[in-house]
Amino acid sequence: MNADALIIGIDKYDRSDIPTLPGCINDAVAAAKWLTSIGVPPARIVVHVAPITGAQFPPGVVVQAADIDTILASFGKLAKAGQGDKLFVFMSGHGKSVPGAGPVFLCQNYLVNDITRANLKIDEYIEWFQSWKYKDQFLFYDACQDTTASIGQISSVQAQGPDAPPGSYKPAPGNALTTCYACSAGERAWAGDGRGVLVRYSLEELDPTLWANLQADDPEQDAIQYDWMTGARTVDLGRLFTNIVSVKISQAAADAQKFQTPFCKPHGRALIDGFSPIVELSALPTAAVTVDVDPTVAVGDVRSIRLQSQLIPRDCFMPTKGAPLRIPVTLQFPLQDLINAGCTVARESAWKPVNVPLQQRLGNPTADIIFQLRQPPPVAPKGTDGSDEINIVVGPGPGGGPMSAEIAKQLSPVGEIGGARLPPNLTFRKDANGPSLTFNHIEDTSIRDAHEIAIDWLKILRRGSPGEGGRVIMSPFGQPKNAEPNVHFDFDKSGAALLGGFLKDDECVTLESFSDEMPSRKMSLQDLEDHPIELLAPGQYRITIDLPWGRWTRRLRVGVKADTVQLPQGIGLEPLRNRYRRDDVFGPELVRPDEPDLTDATVTPIAVRNRDQFEIWVLPALATPVAVLETEGGIRAEPYSETSLREWDELLTVGRLNIADPAGLIKRLNGKIPDGTAEDFTLLAIAAAYAEYDRQNWSGLLAILDTIEESTLRFQDIGLLKLAAEIEQDRIVGNEREHAIYISFGRFFEKPPVFRWGVTLLADLARQAGIERLPRWAVVIDPSSVITLIRWKNLGLPTSWFAEPRNRRIRILGVHDERSTSPHYLEVGWLPNLDQRVEESEAKRRKVLGEIEASEAEDQSAALQKQKQMLEQLVDDEDAERVQTRDSDESTW
C-alpha cells in the first residue's frame, strides 16, 4: 500500500502533576500492528510515544519521543516530501477543548516551565493535512474534549496551529479527510482495560479477519462501498463508525457510568462524495450484467435506471453524480444475486416502459437486463387492489374497517389531512377504510411527494386512532391494499417510557430505506409502541433510536413474510431523572430545594456510607431538585426536571456543549420550558450560555443572559459569563479588567458556580489576572458531572459556605427512618470555635472584597498587586481548614 502513518500515544507527561493515562501506548502498538496488517510498509509508520519503553512495535517502525518539537518535525517531513494514496494519523493522550478554538491535543512536554503552547490545535491541523499530497486521509482522535483548566491546576491552554502560518496552505480540492472523535465538546474520553475505547473498537471493526469472514446479514455489510463497474469493495469509515463503532463506544462508557458521544466528521472530497474508503476488500464472484433499452431509438428519453440487489445493501442508480447516463452499460453484480430493476423516462416522452418492474436471478457469469419501451403505451385497466396507489388502511383486520370519528374528521373532501394541501400531481381518494394517494409512478418528484405526504398522514391518523387493537397501516406503492403487515417491532419487557423516559414522545426513531427514492420516516418511541406493526416494501432498511445519552441501530432485510425486529432493552447510560420517574428501587434520591435544611443554603453536602466511614460530596444548592445516586466511584448528581425537551438531557444530563443554535433555542422557548418550571428554564438558559461561550458567540451569549430574570442573578455563573464576554470583546481592559476579575474571584468563596464549566472559566480568568492557583477543592471537581461536584476529602471548604447553621447538616444518601421517608443527617464540626472561625473568615473576606471594590480603574499597579496577594492568602487560609463530621442525634446508627 502506498501510504504513510503517524501515531502518537502518551501515557506519561513530563509534568508530574498531569495524571498518567493507561493504555495510550497500547493503542499506539495496536494501531501500528493493524497498519502493517493492511499493507502499510513499517518504515513509513512513525510512532511518537512517552515514555519510550520496550513496547513491541512491528520491526521497522520508527519510534520517537512525543514532545511538540519532535512531533512537528515529523509533520514537517510529511508536508514537504510525503505523498501517497492514504495517510493515517492516530492521537491518544490528554486533550482539551478551548472556547473558540475547538479540540487541542496535549504533547508530552505540555506545561513544562508553565508553558501551555505544547499542543496541537486539531481544526487547523485538519486544514493543513488536507493540503498534503495524500488522496484519502484518516484521523483517529482518542482524547478528551472537556473545557480547559481541569488538569490539577489552572491550565489556560494557548491553542497552537501548525508551524506553517494560516493562509500559506489550503486544502487540495481532490483530497478527502475523515476524523473520528472519541467524544463531543464538553465530554471526557473514557479509557478502560488498558486501552482507549475509540482506538480499541475502531481497530476491532477494521480487522481484516472480520471482513474476510463476514456473513450476509452482519451489520458491517452496510459499511461496504460497492463499485458497480468493477465489483471492487471498500469499507466506508463514515458509515462503519457512525452505525457500529460509535454505538459500542457509548455503551462501553455507559457501562462504566460515563456519558460519551463519539462522532465522525468528513472533510473535503469525503464530505462531497458521502463516503470515506479506508480498507480495500477482496472482490466477490460476479456476473457481468449488461443493461440496455429496446428499442435503441428510445434511449435518449430514459432519465434514470435503478437496480436493486438482494446481497448489496445499496441500490445501483444511474446516472451517477456529475456523469451522464450511458446505455448500454455492463455492470458487475454478485453471482447468484436477485436483481429488481426499474427505469424512468422524461415527463414529455411518448415512450413508456412496459416490463417494469423487472426481476432476474444471476445464475450465470453473464446476463442481460433489457428495458422494453413502447410508443404509444398499451392501455391497461386500472388496478382495483390498491397496488397502483399508496394506501393507509385503518381498522382491525387486513382489509381495514370503519374509521373512528377522530380519524374521519381529519380527512377533508378536497384532499387535506392535518391542513396539508396536495400538490397537483397527486390524486386523493377516501373510503370507509382510509385515504389513498394516486401518483405518477415513473416521475421521481411525484413518487417522493406521495411518500412524504403519506408518511405525514400516517402520523396524524395513528395518533388519532384508538389503542384497542386498531391498526393504521400504510401500504406502499406496489403493495396490494389488503396485504398483511410484514414487520413487527417488539419491545419485549422494555417500552417507550423505559427507553426514552421523558423523551418517549421525541421523534428519536428513524426508519430509512436503502432505496434513495424512499424518504426516511421519523417517529417517537411512543408512536412505535402504539403501532408496532408495519407493511414495508421488500428491501433493506435501517432503524435507529438516537437519544442524547446513547444510540442504537439495526439493519433489517424485509421480505414478503412477516418478521420480528427485537428492540433494545436499554440504551446507553440512562439519565437519573428517568430512573426516578419509574420508581427504580435501586434508583436515585431527589434532593429538593424546598427541604427545610436547604432553603437559602449555599451548598448541599451529601454523605455516602463507605464501610465504617463516610465519604462526603458537596454540590451547589440549586433552585431545582437534584437527582443523586450512589455509585462505585462516589455519586452521580444531575438536575431534575419533568420537561420533555431533548436539549435538557443534551446540556444538563450529558453535558454536551455542541448543541445546535443555543441562543435560538432559548429565544424560541421565550421563558417557558415544556412541562418544566421557571427555575428549570433559568438553569437551561445558563447551560446554553456556556454552549455559546464555548463557540465564542458573544452576541448569542449576551442575548441568552438578557432573557434571565434579575432575581436569578444570585447564580455566580451569570456574572462570570458576562465578565468573560466583556473581556473577550475588549470592553474591559488593563487594570479595570484585573479589578473585575479580583471581585469575581473573591465571590468564589461565597458560593461555587452551579456548573463545572464555571469553575474552569473562573480559572482561566484568574490566570489572566496573574492568580496562579485556585483552592484545592476547585481543581478536584468531578470532571464527569455537569453541575459542580466536589469530593470533600482532606480539603478545606470556605467557611462562608457554612455560615448558616442549616448548612452544617449533611444528608446521608440511602438511609431513612424505618417509620418515615425522612432523610438522616450528619452534623458538621470544625476545629473548635466554629462560629468564631466563620465570623473571622467572613470578616477577612469582606475586607478584601471591600478594598477591591473601592479601588479605582486607574493605574494602581501596587494596589492591585496587594489585592492579589490578599486573595491568594484567602486561598491559603481556606485550604488550612479541615472539616470533621459526626453522627447527629437524629441518626439511629
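What share of the 893 residues in the protein chain is buried? I looked this up before anything else: buried residues make up 56% of the chain, where buried means under 20% relative accessible area, exposed over 50%, and partly exposed in between, with a 1.4 Å probe and protein chains only.

**Basis.** I note that this is a predicted model, in which local features need pLDDT of at least 70, side-chain atom pairs count only at pLDDT 80 or more, and totals for chains, interfaces and linings use all residues. Residues are numbered from 1 along each chain as its sequence is written, and side-chain values use heavy atoms, with hydrogens and water left out.

**Whole chain.** I found 21 helices and 43 strands in the protein chain; these are DSSP runs numbered from the N terminus, helices being H or I of at least four residues and strands E of at least two. The exposed area is about 37200 Å², of which carbon and sulfur atoms supply 49%, by the Shrake-Rupley method with a 1.4 Å probe. I then took the contacts between residues at least 6 apart in sequence: 72% of them join residues at least 24 apart, a contact being heavy atoms within 4.5 Å.

**Cores.** I next searched for nonpolar cores, that is, sets of buried Ala, Val, Leu, Ile, Met, Phe, Trp, Tyr and Cys residues joined through side-chain atoms within 4.5 Å. The largest has 83 residues, and Leu-684, Leu-701, Leu-721 and Phe-755 have the most contacts inside it. Helix H15 (residues 678–694) gives the largest share of this core, 11 residues. Apart from it lies another core of 49 residues, among them Leu-198, Ala-223, Leu-237 and Leu-281. I also listed the contacts of Leu-721: not counting residues up to four places away in sequence, Leu-721 touches Ile-686, Ala-689, Tyr-690, Tyr-693, Leu-701, Leu-705 and Leu-761.

**A sheet of 3 strands.** I traced an open, antiparallel sheet in the order S12-S13-S15; strands pair if DSSP finds at least two bridges between them. Strands S12 (224–226) and S15 (277–281) stand at the edges with a single partner strand each, so one side of each has no neighbour in the sheet. The twist averages 35° from one strand to the next. Strand S13 (residues 233–236) is joined to S15 by 4 bridges, and Asp-236 stands opposite Pro-277. Helix H6 (residues 237–255) lies across S12, S13 and S15, running at about 45° to S13; axes are lines fitted to C-alpha atoms, for helices over the stretch in contact, and angles run from 0 to 180 degrees between N-to-C directions.

**Strand S29.** I found 4 of the 5 residues of S29 (residues 509–513) to be buried. S29 pairs antiparallel with S30 (residues 521–523) over 3 bridges, Thr-510 having Lys-522 as its bridge partner. With S32 (residues 539–547), S29 shares 5 bridges, also antiparallel, and Glu-512 stands opposite Arg-542.

**His-48 and Ser-74.** I placed His-48 in strand S2 (residues 45–50). His-48 counts as buried because its relative accessibility is 0%. A polar atom of the His-48 side chain lies 2.6 Å from the backbone oxygen of Ala-65. Beyond four places in sequence, the contacts of His-48 include Leu-6, Gln-64 and Ser-74. Ser-74 lies in helix H2 (residues 68–81) and is buried at 9% relative accessible area. Its contacts, with the same exclusion, are Leu-6, Val-46, His-48 and Gln-64. Ser-74 and Leu-6 are 68 residues apart along the chain, and their C-alpha atoms are separated by 8.0 Å.

Technical notes
Polar contact = N/O pair within 3.5 Å; in protein donor to acceptor, adjacent residues only side chain to side chain.
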